[in-house]
Amino acid sequence: MSLNNKFNLDKYLLLAGIFTLPLFVILFWIIFPLIYPGYNIITTGVSYLGGSQSPIKTLVNVLGFGLWGVLTMIFSYGVLRSKFLTISGKIAGIPLILGGFMIYLVSLFQGPSKEGLYTLAGELHIFFANYPFIPITIAVFLFLFEFAINKKFRWLILPIIILGPISLYLSYQRAFPSGKIPYFGIFQRASLTLPFIIIMLIAISLYKSNKKVYPE
Amino acid sequence: MRIGIVILFIAILLLGFTLIVNLTNAFSFLDKPLIGKGLGPLCSSLSDCEDFCLNNMGRCNSYCQTNPSNKICELLTLKDFQN
């Protein structure tokens, strides 16, 4: 058997989707706040970790925002290629790629600028940090249609119905705040974590289906 | 296999680009202030911000949470305490 026949690309693309959530949780909830001297996880947002004044900005932007966005895009391509999804499920890969690309762009345009001045970099950062939830929400809606007709993945409707509205509410509040958000650091992390729990569950289901059909 | 190598190459290229941009501050030209010192796009000076935040406290608080180093935020907070 040739190397081409043995190599199962879809497996690796879907694995990328499984790793997005642990990557975010381990780095942004635990490691980065621990190694940033004086950083307060409860009140301070994730942007500040990769901001221009951060002593760990390169690490955060490359291994944090950059890798997170790249893994999301890789998984999205896996969704587009998936043999287990119908058209609505596959199309979900397109807004998901856009969401991943926006997260990646956060790594290029650093967060809170020097002295908090209003800069173009700061504006771009805020845009790319606040709005990936829009394409990701569109993707999740498309997945909902898919799972409604695709019996194999129907169980995923339940976690989407439970986590989806909470996640959407938190993301909306973050992007369009109506007042002061208490415990902003925790609030923001929660709003970023929930949609990626859904993405990880979808990735795990697709990965398992792939493994059943193409065992090693 | 070939597609996998292309994807890996693109991923390394993207992360490498981020590394270079961060190490060299290649986008520092975007760090020039667009308008004077104030609360970003909301207002451009202390007096302007005082007026604006009087009726838009939510938006000012939100901006200050994401830009905690902004000096105007500190001044506005002090003013709040004094009142």
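**Notebook: helix packing and a salt-bridge network**

I looked first at helix H3 (residues 57-81) of chain A and helix H5 (residues 93-106) of chain A, whose axes come within 8 Å and cross at roughly 170 degrees. Because angles over 145 degrees count as roughly antiparallel, H3(A) and H5(A) are roughly antiparallel to each other. The residues of this contact divide into 15 nonpolar, seven polar and no charged.

I note that this is a predicted model, in which local features need pLDDT of at least 70 and side-chain atom pairs count only at pLDDT 80 or more, while totals for chains, interfaces and linings use all residues. Residues are numbered from 1 along each chain, chains are lettered from A, and side-chain values use heavy atoms, without hydrogens and water.

I then looked up salt bridges (a side-chain nitrogen of Lys or Arg within 4 Å of a carboxyl oxygen of Asp or Glu), and found two over all chains. Asp10(A) and Arg81(A) meet in one, at 2.8 Å from N to O; Asp10(A) lies in helix H2 (residues 9-35) of chain A and Arg81(A) in helix H3, so the pair ties together parts 71 residues apart in sequence. Lys83(A) also forms a salt bridge with Asp10(A), with the closest N and O atoms 3.0 Å apart, and Asp10(A), Arg81(A) and Lys83(A) are thus linked in a network.

For accessibility I used relative accessible area (buried under 20%, exposed over 50%, partly exposed in between, with a 1.4 Å probe and protein chains only). Asp10(A) is buried at 5%, Arg81(A) is partly exposed at 26%, and Lys83(A) counts as exposed at 52%.

Terms used. Axes fitted to C-alpha atoms, helices over the stretch in contact; angles between N-to-C directions. Helix = DSSP H or I, 4+ residues; strand = E, 2+ residues; numbered from the N terminus. Parallel < 35°, antiparallel > 145°, perpendicular 65-115°, else oblique. Nonpolar A, V, L, I, M, F, W, Y, C, P; charged D, E, K, R; others polar.
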